[in-house]
Every structure is written in C-alpha cells, then in structure tokens.
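Work through the exercises below with the sequence and the 3D view open. Try each task before reading its solution.

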Amino acid sequence: VLQKEDEVREEFGRREYGSLVHQSLCAFMKPGSDGYNALLGGHSKPAREALRACARVEFLEQGDDTAGRRLWLENFMKSIPSVVAYEVDRFKDWRPVLLEKKFVLPLDDLLKWLNRQNTQGNLGLEIPKAPTKGEPIILRGTIDRVDEKVSDLDPSRKLAAIIDYKTGKLPKPKDVIELNDLQILLYAVALEVGAVQDDSESNWLTAEGFYYEIGQDQSGLTGKRHLPCDDAQGRGILIDGVLALANLAIQAADPKQKFGLIPRERDGEGEPELPCRYCDFRGVCRLEERKLKEPTALKLDKIVNRKEGGW
C-alpha cells in the first residue's frame, strides 16, 4: 500500500515522464530536424529512428541514467510506431511551426479580442470589464504545439491547429464543447491575440484544436476533434469559452469572491466532473480534505484511494 509520501512521489514521477515525452516530441518535430524532414518526405522508417534517437537523448543523456528513466523510455518506445504513422499522414495537410511556446496574455487583450468578435458578429454578448484596482490580471501558459494548414487559400490569415499532448487520460470533446475544459480555448485565444512568445506572425485564425493521445496502439487525434473551430458553431464554442475564461479570471482575482476547486458544485449546477484524472496536481492538492457533497465525496474517494471505478 502506498503511503502519502509515496503517492506524492508517484504523481510527480508521472509529471516528469510526461515532460520527457513532450521534450522528445519537440526535438523530433523541430522544423529542419531529421525527424521533420523524414515526415515531410513520408518516410516512416527514418522518422521512427529519429524519434527513438531524440527520446534516448531526452530520457537518458540530458539527466540521470536511472532504472526508472530506462523503464519510462522503454514504455515510450512502444508508442513510437503509432506516433510516426499518425504524423506521416498529418503532414499531408498540416505542419508544426511552433513548439513548446510560452504565452503571456493580459486580461485587457483578451477582452479586446472578445469585443471585436462581439461587434463583428453582432452577438450581443455581455462582456465584463477588467478590474480597475490591484495588479493587472495576466494569464500564462505553454502551448505544446501549433500546426499550420498547408493549403491555406487566404494568405492574409494563417490557419492554425492547437495541439496539447497527453500521456494520461484525455478530456472528452464534450468537456470542451460544454466549457468544462477550457485549456485548448485559452491556447487558441492566446495565439489569435498574438501573445505567444517568439512569434512574429500574429494574424492567426484557429481552425481546430485537440488533445493528442500518446498510445501504443493509437496516437494523435484518435476520435472527434475537441475544438472543431472551422465553422460557425465551432467558432461560437471558442467565443463562449473565452467569455467564460474572462469571467473566471476576474472572479479568481477578487479577494471577496468564493472560487471553488470544483465550481460546478459550488454554483449548484449538478454533480461535477472531477479534474483529478488528468490534473497535474492530483495526489498533492488534498481536495479530499474539503467538505464536499456526498456524491462528489464518494467519487473522489474512489480516485484518491484507487478503489474500483477510479483511474
């Protein structure tokens, strides 16, 4: 049985594994690299060899060559054929152009973007105002990958795909559509606003966004896109999600506002979908020590104590 300290170390071990996978894919996908050139030519075998070489560097040569890291590397190696198969096909229409890019997005810029969408679409949205007191609200993050559409018919705008790698359980497309998962939406608006560092091209238009599964049998986009943003309905999801982000950011910065870890329960909107299955801080946030409604507490107990029905 794992003790609390062991559980914490296990969770951070999972995070470190995910980070090493991200770094390996970043080196592999870098434009001009051996991996990128192999994918560009549709050559699967040299692409697999290039990704294996990148993984060996990131897992072993860049840090301690431990038994644990070798086991992680062996596990990731099993996923390489499915990753390369997916990428060879994807390179026919999309190419990675931004990898592991940080963004710094002031709330004021996010609100300006919302106001433009509201005016252009005559949407009648009720857009909040940024607080006038206190420090400016800044949203920060790192986008794993941005792909550019190869056959873009409008050279004045660059069509982008927002991609986030997942080595664990993936959010469902309905989580994004119902605005219960806002990560992809935040990344999309950061790109469109021009908040991504080292990106001189600020005239992006998001066409799609999805969570990229790293799996032994299947990798990449293995189902429906999480953010199908290339039509009016998908564009509406993005705008509604950015509006939700703005309101959440303002609430979180208000010292008088109650800002719960599981806001659906707080707002009386029914039983929440717990984020623990794919949260970076599961095992260390101590959510189980909070007073929760019985259905939520039972669900959390299954996850925390690894009971049947947990992840």
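**Exercise 1.** Find the residue in β4 that stands opposite lysine 166, and describe how β3 and β4 pair.

Solution. Step 1: the residue opposite lysine 166 is glutamate 213 in β4. Step 2: β3 and β4 run in the parallel sense and are paired over nine bridges; two strands pair if DSSP finds at least two bridges between them. Step 3: leucine 159 likewise stands opposite leucine 205 in β4. Strands (E, at least two residues) and helices (H or I, at least four) are DSSP runs, numbered from the N terminus.

The model is predicted: local features need pLDDT of at least 70, side-chain atom pairs count only at pLDDT 80 or more, and totals for chains, interfaces and linings use all residues. Residues are numbered from 1 along each chain as its sequence is written, and side-chain values use heavy atoms, with hydrogens and water left out.

**Exercise 2.** State the strand order of the open sheet and explain why β1 and β5 each have one side without a neighbour in the sheet.

Solution. Step 1: the five strands of the open sheet follow the order β1-β2-β3-β4-β5, with mixed pairing. Step 2: β1 (94-106) and β5 (227-228) are at the edges and have a single partner strand each, so one side of each lacks a neighbour in the sheet. Step 3: β2 and β3 run antiparallel and are joined by four bridges. In β3, isoleucine 162 is the bridge partner of valine 146.

**Exercise 3.** Decide whether aspartate 164 is buried or exposed, and list what it touches.

Solution. Step 1: aspartate 164 is found in strand β3 (residues 158-166). Step 2: its relative accessible area is 4%, so aspartate 164 is buried (buried means under 20% relative accessible area, exposed over 50%, partly exposed in between, with a 1.4 Å probe and protein chains only). Step 3: not counting residues up to four places away in sequence, aspartate 164 touches Asp144, Gln183, Ile184, Tyr187, Phe210, Tyr211 and Tyr212; contact means heavy atoms within 4.5 Å. Step 4: the side chains of aspartate 164 and lysine 166 are joined by a polar contact of 3.3 Å (a pair of N or O atoms within 3.5 Å; within protein, one must be able to donate a hydrogen and the other to accept it, and residues adjacent in sequence count only if both atoms are side-chain atoms). Step 5: seven of the nine residues of β3 are buried, so the strand is largely enclosed by the rest of the structure.

**Exercise 4.** Describe how α8 and α9 pack.

Solution. Step 1: helix α8 (residues 183-193) has nine buried residues out of eleven, so the rest of the structure largely encloses it. Step 2: the axes of α8 and α9 (residues 232-253) are 9 Å apart, at an angle of about 95°. Axes are lines fitted to C-alpha atoms, for helices over the stretch in contact, and angles run from 0 to 180 degrees between N-to-C directions. Step 3: α8 and α9 are therefore roughly perpendicular (65 to 115 degrees; under 35 counts as roughly parallel, over 145 as roughly antiparallel and the rest as oblique). Step 4: Leu185, Leu186, Ala188, Val189 and Glu192 of α8 meet Arg235, Ile237, Leu238, Gly241, Val242 and Leu245 of α9. Step 5: α8 is followed by glycine 194, which has a positive phi, near 95°.
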